[in-house]
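The following exercises are to be worked with the sequence and the coordinates at hand. Each task is followed by a solution in steps.

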Amino acid sequence: MKMSKMIIPTLREVPAEAEIPSHKLMLRAGLIRKLSSGIYNYMPFGLRTIKKIENIVREEISNFGGQEILCSALLPSELWKESGRWDVMGSEMFRLNDRNEREFCLGPTHEEVFTDLVRTEIKSYKQLPLNLFQIQTKYRDERRPRFGLMRCKEFIMKDAYSFDIDEDGLNKSYEDMYQAYKNIFERCSLDCSPVEADSGAMGGSGSAEFMVKSEVGEDEVVFCKSCGYAANVEKAPTVAEILDKEEMKELEEIETPDVKTIDDLEKFFNTSAKKFGKTLIYYADGKSVAVVIRGDREANEVKIKNALGGPVEFELAPPHIIKEVTGAEVGFAGPIGIKTDVLLVDLEIVELSNFITGANKTGYHTANANYGRDFEGVVGDFRKIENGEQCPKCGEEIEIARGVEVGHIFKLGTKYSESMGANYIDKEGKEKPILMGCYGIGIGRTMAAIIEQHHDEEGIKWPLAVAPYEVVVVPVNIKKEDHMKASEEIYNKLKEMGVEVLLDDRNERAGVKFKDSEIIGIPMRITVGKNITEGMVEFKLRNEAEKELISVEDVYDKVREEYRKANLFIK
């Protein structure tokens, strides 16, 4: 492709709206342009990389038996009501009515559609297992779109769905997709870790996220260097810290006027936050839920919601509900005598001796509370794991880092097949629900994550497999016949070899051309200048500082060598 005929909207200044490297560089390199908040147009260079990532995904999923289809992005509400998710998806779902007042949504995900398709087409165990996938645009009304393609309202996603007759089959499909994902991200040159995750609104029994470490990641991920354990903070189980046991003391009500927060209580009682039990009140599907955790801990709302069976509506209770269940103003809630519909008690509270908690009386706290003697509830793990705690697998110290989710795989089981009647007839002639798996990859997010890991101050440093173009030939002066003639010959020869090559034949200074190639991130640059009279050109790799003067005859072998290193093949 000759660059004089292309739209190359590179920018020298960093756009004010961009907050993270990938967003800044996608705008500066002219890969995307903003249409509205969270909505972007893909420009030629950006679209070429998107298509390359899609093709890698397509090849790897197909290698494990996936068959590609394309579903509608406009989905009828009836399917979502069958599965029970029309309300669960909440305000992030784009909903609309047609001229006949039929309800539709713009697809945020496609479990229901694939289940509907399979229940229509699959009747016998002989037709299973089956894996179907698509690469499709999804729509989610993000409350706060940000970070470019990391969090937006419209995005390209690969979603695959497996259909099996039993757990063994589902496990095999899940492991196949697990391996396919590892292959995909390796081919994209992404340092990516699979981590245990919560299934969320998708449901199901097993789940793993593929996370790229990033300071701007929206998720916190637990890593153990000793055993390799990794999990999303929302999923990671905690190990209860056992403090010294004490003989039980008598309950004591203590006046604490205007002492409501843990910080205030630490000062008032002159003791550590570990000696307090704080009670949080939630409101879930019309019921009050009290959760008791240690004073220095943070509640894990995902674990709490899972313990409640995944409520549709879930939020911290307003003051009038708190007063209703405790009889006190906000800041004095405690588990003893509380009038809540559900009382959840964290594991560490059970092990705590003589702790201080709210007295359910405005201006008062209770000292020497003990689980079992003074109150009881549903005991479980309801808190977030913290940096430096014990690994739940090996007991060594864990670390928490931020990460960007680029892929997510779920074992859905029969969640959708049972609610929507997707069944098969087994060998004995009995009707049974199909077991399903769900496997998603954010294509745009993957592109952004690659840039986050492969860039410098000058611009993007694309891995060869996903670069929009692999080589750029730069004639220093297009008005010099020998510069242009040699450049054209090199350009045409590389095209014959199967190289995706650019010829920068623009009437610009060499410095402008070099700057653009660095911002865009073309992996190899061949510069044709004054040394062409001696049959020599300058060869430079984007990810290396050094330039090399080589003969025109040797440049083709040099390009072949870079392809060989990247496990790519040309003539």
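## Exercise 1: The largest cavity

By class, the residues that line the largest cavity are three nonpolar, one polar and four charged. The model under study is a predicted one.

**Task.** Determine which residues line the largest cavity and which secondary structure elements each supply at least two of them.

**Solution.**
Step 1. The structure holds one cavity of 30 Å³ or more. The space in the largest cavity amounts to about 50 Å³.
Step 2. The lining consists of Ser517, Glu518, Ile522, Met524, Arg525, Lys540, Leu541 and Arg542.
Step 3. At least two lining residues each come from helix H13 (510-520), strand S29 (524-528) and strand S30 (536-541).

## Exercise 2: Glutamate 562

**Task.** State where glutamate 562 is found, whether it is buried or exposed, and which residues it touches beyond four places in sequence.

**Solution.**
Step 1. Glutamate 562 belongs to helix H14 (residues 552-565).
Step 2. Its relative accessible area is 15%. Buried means under 20%, and glutamate 562 is therefore buried.
Step 3. Not counting residues up to four places away in sequence, glutamate 562 touches Leu464, Met524 and Leu541.
Step 4. Compare this with the cavity of Exercise 1: Met524 and Leu541 are among the residues that line it.

## Exercise 3: The second largest pocket

**Task.** Describe the second largest pocket by its volume, the residues closest to its centre and the classes of its lining residues.

**Solution.**
Step 1. The second largest pocket contains about 780 Å³ of space. It is lined by 31 residues, of which Pro463, Leu464, Ala465, Ala566 and Leu568 are the closest to its centre.
Step 2. Helix H2 (44-63), helix H5 (167-187) and H14 each contribute at least two residues to this lining. H2 gives the most, with four residues.
Step 3. Sorted by class, the lining comprises 13 nonpolar, eight polar and ten charged residues.

## Exercise 4: Helix H1 and its surroundings

**Task.** Characterise the packing of H1 against H11, and establish which residues of H1 are buried.

**Solution.**
Step 1. Two packed helices are described by the angle between their axes and by the distance between those axes.
Step 2. Helix H1 (residues 21-28) packs with helix H11 (residues 443-453) at an angle of about 100 degrees, and their axes are 8 Å apart. H1 is therefore roughly perpendicular to H11, since angles of 65 to 115 degrees count as roughly perpendicular.
Step 3. On the H1 side, the contact is made by Pro21, Ser22, Leu25 and Met26; on the H11 side, by Met447, Ala448, Ile451 and Glu452. By class, this contact has six nonpolar, one polar and one charged residues.
Step 4. H1 is mostly covered, with six of its eight residues buried. These are Ser22, His23, Leu25, Met26, Leu27 and Arg28.
Step 5. The elements covering the buried residues of H1 include H11 and H13, together with strands S1 (32-36), S2 (39-42), S25 (455-456) and S26 (459-460).
Step 6. Just after H1, glycine 30 has a positive phi of about 70 degrees.

## Exercise 5: Backbone features and a buried isoleucine

**Task.** Contrast asparagine 270 with asparagine 368, then locate isoleucine 304 and the cis peptide bond at proline 129.

**Solution.**
Step 1. Asparagine 270 has a phi near 55 degrees, a positive value in a residue other than glycine. Asparagine 368 is not a glycine either, and its phi is positive at about 70 degrees.
Step 2. Asparagine 270 lies in the loop between helix H6 (262-269) and strand S14 (276-284), whereas asparagine 368 is in strand S19 (residues 364-369).
Step 3. Asparagine 270 counts as exposed because its relative accessibility is 70%. Asparagine 368, with a relative accessible area of 12%, is buried.
Step 4. Isoleucine 304 is in helix H7 (residues 301-307) and counts as buried because its relative accessibility is 0%. Leaving aside neighbours within four places in sequence, isoleucine 304 contacts Tyr282, Val291, Ala299, Phe314, Leu344 and Phe382.
Step 5. The C-alpha atoms of isoleucine 304 and asparagine 270 are separated by 31 Å, the two residues being 34 residues apart along the chain.
Step 6. Leucine 128 and proline 129 are joined by a cis peptide bond with an omega of about 5 degrees. Proline 129 is in the loop between helix H4 (111-121) and strand S7 (130-139).

Definitions and conventions
Residues numbered from 1 in each chain as written. Predicted model: local features only at pLDDT ≥ 70, side-chain atom pairs only at ≥ 80, totals over all residues. Heavy atoms only, no water. Axes fitted to C-alpha atoms, helices over the stretch in contact; angles between N-to-C directions. Parallel < 35°, antiparallel > 145°, perpendicular 65-115°, else oblique. Contact = heavy atoms within 4.5 Å. Nonpolar A, V, L, I, M, F, W, Y, C, P; charged D, E, K, R; others polar. 1 Å grid on protein atoms, 1.4 Å probe; cavity = no way out; pocket = protein on both sides within 12 Å on 5 of 7 lines; lining within 4 Å. Points joined across faces, edges and corners; volume = space filled by probe spheres on them. Buried < 20%, exposed > 50% of the residue type's maximum accessible area, 1.4 Å probe, protein only.
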